[in-house]
Amino acid sequence: MIPIIAQVALPVPLHKTFDYRIGSDMPVIGGRVRVPFGKQFKVGIVVALSDTSDFPLEQIKPINSVIDAAPLWPSPLYKLLNWASRYYQYPLGDALGTVMPGHLRKGKLAQRERERVWQITESGKDQPLTALNRAPKQARLLTLLRSGAMTHSDLLDTELTAAVIKAVEDKGWIAPAENVRAKPWTPGYAVVEDKPTLNHEQAMAVATINANPEFGCYLIEGVTGSGKTEVYLNLLEPVLSKGQQALILVPEIGLTPQTINRFRRRFNVPVEVLHSGLNDTERLNAWLAARDNEAAIIIGTRSALFSPCKSLGIIIVDEEHDASYKQQDSFRYHARDLAVMRGHEENIPVVLGSATPSLESLHNATTGKYHHLILSIRAGNAVKAKHGVLDIRGLYLESGLSAPMIAEMRKHLSVGNQVMLFLNRRGYAPALMCHECGWLAECKRCDAYYTLHQQSGELRCHHCGTQRPIPHQCGSCGSAQLISVGVGTEQLESQLASLFPEYKTIRIDRDNTRRKGALEEYLNAIHNKEYQILIGTQMLAKGHHFPDVTLVGLVDVDSALFSNDFRAPERLAQLFVQVAGRAGRASKPGLVLLQTHHPQHALLQSLIHKGYDSFARAALQERHQAQLPPFSFFGLIRAESHQSDMVEQFLQQARTVLDASPLEDDGCAVMGPAPAPLHRRAGRYRWQLIFQAPSRKMLQQRLSIALQAIRQLPLSKKVRWSLDIEPQDMS
């Protein structure tokens, strides 16, 4: 029979699909349609076609228009998205809407929008590059375009800015051209860069993975500087030579420029990038390039996982341990775990790489689910950095720096090397206090103190985003003696300018890298040795290669030693090893110094003397004894409202539902409800409830049944609540 009903998943927070009457145009499963919904029209995805409905035909509204003649996603990826919606207990329509480019969500056609392409003019060809010594970026632009036309977004990816392009256009040296992409890319594929010789461990890793082009998950545990990226590049050769595509996931936007450049230098194939810094047009064009096989390599952050590749041959997840692979709101998926699932659906190898693998991945490796490959030797002539602990108890600190740390910095700087200081706290100071009465400037909407930002002259709450001018008087006693408490990157930068006026300092954190292209400019300047002292938060901790950095100083990690989050020791250990790995990555020996008031702390002693592997084995044993992940599985229900009692009451009712188990002694447990660690945020009181199960299957069975009843609770409509499957952040 010819279908007359389309079941449509709409981007609404409802766990159901909606029936619509099919008109003259037949929709396709996985394609978009525009349909009436209430008093407006919405764009949804057709998930099924039927010749019957539970509702009378005359009551069913017709489809307004069919947008797609073919499914948006290839079958394996569409199947994965449906599975992920069920596993993470998130409405299918919302999940599908979340993972598609903004233009597609609005109903625009899935076809390329014309993008500006630049070509060099005759005048530009005649321009001598030596005359542009004072404008090196303009000279670089002309050099690039002398090799052929390039799109505007591709030029921006090479760390040029729109201002540079505009300046060269105004001089008449470049001009817009027709946007013609080379299709297909496969006949011209070649390795265009001399490859370094792999060491024995690298060669074994490449041979092991290339021996089986079908699905398998490989965990590459490689010490920092062991050449994991070189392994990735070698893995791509047979994939690209067969005309297949490669998907590379990185945790931070900041890692994409250097990764892109590394892959472009090696292969003469089109590389596309996907991350949150792109506008809607750039994102759609990259998405379409992956779908139409115009891109050979797709590099991006977690959302790039859902790129609809036409012929995917391998998935690589770099820094697989990183918490940023877990989406923390709306569709709370974990990109690393879904990458493994996608590899299974596509029947292709999946490679997870890290110097500090997550305990979950290590557990999977030790139990035989993943193949475990180890790179224990630093590539080239690099030697392992030495580690030292500075006991700062009783020492005078200058903006958080001890005299021994300052002396060591001067020693390394004086011989022409670079120094990197790590402080994971942006702003000038984490609090503003009255010297007379002890009053602290506290956010009125959160249970947190304002962070002082001296340069912008304001106090900011890093939880709700509230901002206010720096007060001149105490809010309690009226005193004008207000002092900063603690140290942030802004204060450290200011102090270093006075301590080392002969050296240039660069601060890299979220505050001063908001402008598009700013991070790339700073990283390029660091590589050119324009700056000698580097200050950074986690943005600088992972993946970056700074060959002239010989000293890395961890200014303050004491606050991370004492936490009520069971994952805190793992995160601190990973952070310590990743930051330490920035030192001595070339032929120069490196030194890592850690300032602490707790030099005998067991975690620090284990990391310094025995390394991450020993820590991880001990931590896994502790987790096993306590039956914590990865030996059990959590579902976290968060709820918030302006009325604390209402939230607690709702979660108490939810607990009653969860406790009403049809099975006895099934190993499940319910903890809470309890106030969240940050009890009040943005004016709302926050509570949480944890459901623990011995297996993923049991977690899904129990939650699937319970959630149907929890959604029917009257209070579920009066509070804001969500479910996070396998949460990474318990705050």
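This talk walks through some local features of a structure, from covered helices to aromatic pairs and unusual backbone spots.

Let me begin with the ground rules, since what we have here is a predicted model, in which local features need pLDDT of at least 70 and side-chain atom pairs count only at pLDDT 80 or more, while totals for chains, interfaces and linings use all residues. Residues are numbered from 1 along each chain as its sequence is written, and side-chain values use heavy atoms, with hydrogens and water left out.

I will start with helices, and a word on naming comes first: helices (H or I, at least four residues) and strands (E, at least two) are DSSP runs, numbered from the N terminus. Helix H2, residues 92-99, is mostly covered, with seven of its eight residues buried, where buried means under 20% relative accessible area, exposed over 50%, and partly exposed in between, using a 1.4 Å probe and protein chains only. The buried residues of H2 are Leu92, Gly93, Asp94, Ala95, Leu96, Gly97 and Val99. They pack against strand S1 (5-9), strand S4 (40-50), helix H1 (75-87), helix H3 (102-105) and H11, and contact here means heavy atoms within 4.5 Å.

Further along the chain, helix H15 (residues 489-499) has eight of its eleven residues buried, so H15 is largely enclosed by the rest of the structure. Among those buried residues are Leu492, Leu496 and Leu499, and also Glu490 and Glu493. What covers the buried residues of H15 includes helix H14 (403-414) together with several strands, among them S17 (418-422), S22 (482-485) and S24 (533-536).

Now to a pair of helices: H8 (residues 200-210) and H9 (residues 228-241) pack at an angle of about 35°, with their axes 10 Å apart. The axes are lines fitted to C-alpha atoms, for helices over the stretch in contact, and the angles run from 0 to 180 degrees between N-to-C directions. On the H8 side the contact is made by Gln202, Ala205, Val206, Ile209 and Asn210, and these meet Glu230, Val231, Asn234, Leu235 and Pro238 in H9. The residues of this contact of H8 with H9 divide into six nonpolar, three polar and one charged, where Ala, Val, Leu, Ile, Met, Phe, Trp, Tyr, Cys and Pro count as nonpolar, Asp, Glu, Lys and Arg as charged, and the others, Gly among them, as polar.

Let me turn to the aromatic rings. The structure holds 13 aromatic pairs; rings of Phe, Tyr and Trp (its six-membered ring) pair if their centres lie within 6.5 Å, and planes under 30 degrees apart count as stacked, over 60 as edge-to-face and the rest as tilted. In one pair, the rings of Phe306 and Tyr333 have their centres 5.0 Å apart and their planes at 80°, so this pair is edge-to-face. Phe306 lies in the loop between strand S12 (297-300) and strand S13 (312-318), and Tyr333 in the loop between S13 and helix H12 (335-346), so the pair ties together parts that are 27 residues apart in sequence. Phe306 is buried, at a relative accessible area of 1%, and Tyr333 is buried as well, at 3%. A tilted pair is formed by Phe500 and Tyr503, at 6.4 Å centre to centre and 55° between the planes. Phe306 and Tyr333 also belong to one aromatic cluster with Trp83, Tyr87, Tyr88, Tyr90 and Phe331.

Strand S13 deserves a further word, as Gly313 lies in it. This glycine is buried, at 5% relative accessibility, and although Gly313 and Ala246 are 67 residues apart in sequence, they are 5.8 Å apart in space, C-alpha to C-alpha. Leaving aside neighbours within four places in sequence, Gly313 is in contact with Val239, Gln244, Gln245, Ile348 and Pro349.

I will close with the backbone. Most residues other than glycine have a negative phi, and most peptide bonds are trans. Against that background, the peptide bond from Pro629 to Pro630 is cis, with omega near 10°, and Pro630 lies in the loop between helix H19 (602-626) and strand S27 (633-641). The bond from Gly672 to Pro673 is likewise cis, with omega near 5°, and Pro673 is found in strand S28, residues 669-681. As for phi, Asn293 has a positive value near 65°, and Asn293 sits in the loop between helix H11 (280-291) and S12.
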